[in-house]
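Reader: Please take a close look at one part of this model. Which contacts does that part make with the rest of the chain, and how does it compare with what lies elsewhere?

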Amino acid sequence: MEILMSDFFQRALAGGLLIGITAPLIGLFLVLRRLSMIGDTLSHVTIAGVALGFLIEVYPIGVGLVFAVLASFAIEKLRKAYKSYAELSIAIIMSGGVALASLFFTLGKGYNTDVMSYLFGSIYTLDATDLKLVGVVTLIVVIVVALLHKEFFLLSFEEDAAAVTGLPVRLLNMLITIMTALVISTAIKIVGALLVSALLTIPVAVSLLMARSFKSAIILSVVIGEIAVVIGLVVAGIWNLAPGATIVLLLIMMLILTMIGKKGFRA
């Protein structure tokens with residue numbers, strides 16, 4: 001129990017709770033737009049930025065965030081160029097991210113151990129700077145979604161109809177992609193680049209099985225994400241487990257139980 005009261009655990013809990021809000025919040029719009037895999041793409045690009053940050057000795061998450069935002073612009077540009085094959089943009093940018101990460105790994109072999117913590121998550125190493133960055137991103141995402149949730153709703157279900165009604169579809173698409181980049185780049189130190197996509201999509205998958213409206217889906221996805229983060233961190237802290245993996249496995253367990261419960265209720 002001493003671990004739960006320690007400073008590093010309190011910082012981890014604060015960071016986890018903030019990401020538990022933003023990841024499902026953005027993830028809902030990505031799932032509805034059938035862009036669930038964009039999380040994996042931007043996380044790989046962010047790792048390339050983190051690797052470059054270690055190489056040039058600049059704040060790694062900051063460099064990763066810049067890489068992710070630039071990649072989000074590139075994804076939207078490619079989606080417009082390949083309107084009938086929009087998933088191509090995700091595959092192309094992911095390939096570029098993996099290639100750059102591999103290149104930077106070979107140029108800076110001495111820091112490979114540090115980069116590995118970003119691949120699998122290292123939430124207990126969050127410092128004050130990391131928390132401030134996560135807090136700013138959370139504030140931005142919550143404000144934008146609160147102001148534009150109706151527009152995002154229409155865009156997610158019927159982009160052509162949104163354009164006909166006069167909504168700035170291109171700007172809204174870019175805004176969602178940029179916010180996704182911000183969330184992912186700040187979340188990789190918490191759950192890791194290999195698992196961050198799960199925090200975007202699995203709470204949403206659970207909420208869609210339970211929700212009766214769009215608003216309830218938003219609320220449920222955030223609540224589910226927060227529950228998984230809190231329980232996952234406590235369990236990982238007490239039994240000395242990997243926090244990111246514990247959180248994701250709890251989310252998968254919640255999804256399975258929800259599917260079984262819903263099936264039983266129907267029966």
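Author: A residue is called buried under 20% relative accessible area, exposed over 50% and partly exposed in between, with a 1.4 Å probe and protein chains only. The model is predicted, so local features need pLDDT of at least 70 and side-chain atom pairs count only at pLDDT 80 or more, while totals for chains, interfaces and linings use all residues. Residues are numbered from 1 along each chain as its sequence is written, and side-chain values use heavy atoms, without hydrogens or water.

The part chosen here is helix α7, residues 128-157. Helices (H or I, at least four residues) and strands (E, at least two) are DSSP runs numbered from the N terminus.

L155 is found in helix α7. This leucine has a relative accessible area of 2% and is therefore buried. Its C-alpha atom is 7.2 Å from that of V169, a residue 14 positions away in sequence.

D130, also in helix α7, takes part in a contact with helix α9 (residues 169-191). There D130 forms a salt bridge with K189, and the closest N and O atoms are 2.8 Å apart. (A salt bridge is a side-chain nitrogen of Lys or Arg within 4 Å of a carboxyl oxygen of Asp or Glu.) D130 and K189 are 59 residues apart, so the pair links distant parts of the chain. Both residues are buried. A search of the whole structure finds one salt bridge.

Aromatic contacts add a further link. Rings of Phe, Tyr and Trp (its six-membered ring) pair if their centres lie within 6.5 Å; planes under 30 degrees apart are stacked, over 60 edge-to-face, and the rest tilted. The count by this rule is seven aromatic pairs. In one of them, F29 and F152 have ring centres 5.3 Å apart and planes at 65°, which makes the pair edge-to-face. F152 belongs to helix α7 and F29 to helix α2 (residues 7-32), so this pair ties together parts that are 123 residues apart in sequence. F152 counts as buried because its relative accessibility is 0%. F29, at 1%, is buried too. Both phenylalanines belong to one aromatic cluster, whose other members are F153, F157 and F214.

The UniProt record, an unreviewed entry, lists eight spans as "transmembrane region", among them residues 131-149 and 161-184. Such annotations may be inferred rather than shown by experiment; feature names are shortened and positions follow the numbering used here. In the model, residues 131-149 are 100% helix and 0% strand, with the end C-alpha atoms 26 Å apart. Residues 161-184 are 83% helix and 0% strand, and their end C-alpha atoms lie 29 Å apart.

Helix α11 (residues 214-239) can be set beside α7. Its 26 residues should span 38 Å at 1.5 Å a residue, and the end C-alpha atoms are 37 Å apart, which agrees. (The expected span is 1.5 Å times one less than the number of residues.) I224 is found in helix α11, and this isoleucine is buried, with a relative accessible area of 5%. I224 and V234 are 10 residues apart in sequence and 16 Å apart in space, C-alpha to C-alpha. Just after α11, N240 takes a positive phi of about 55°.

Elsewhere, L103 lies in helix α5. This leucine has 44% relative accessibility and therefore counts as partly exposed.
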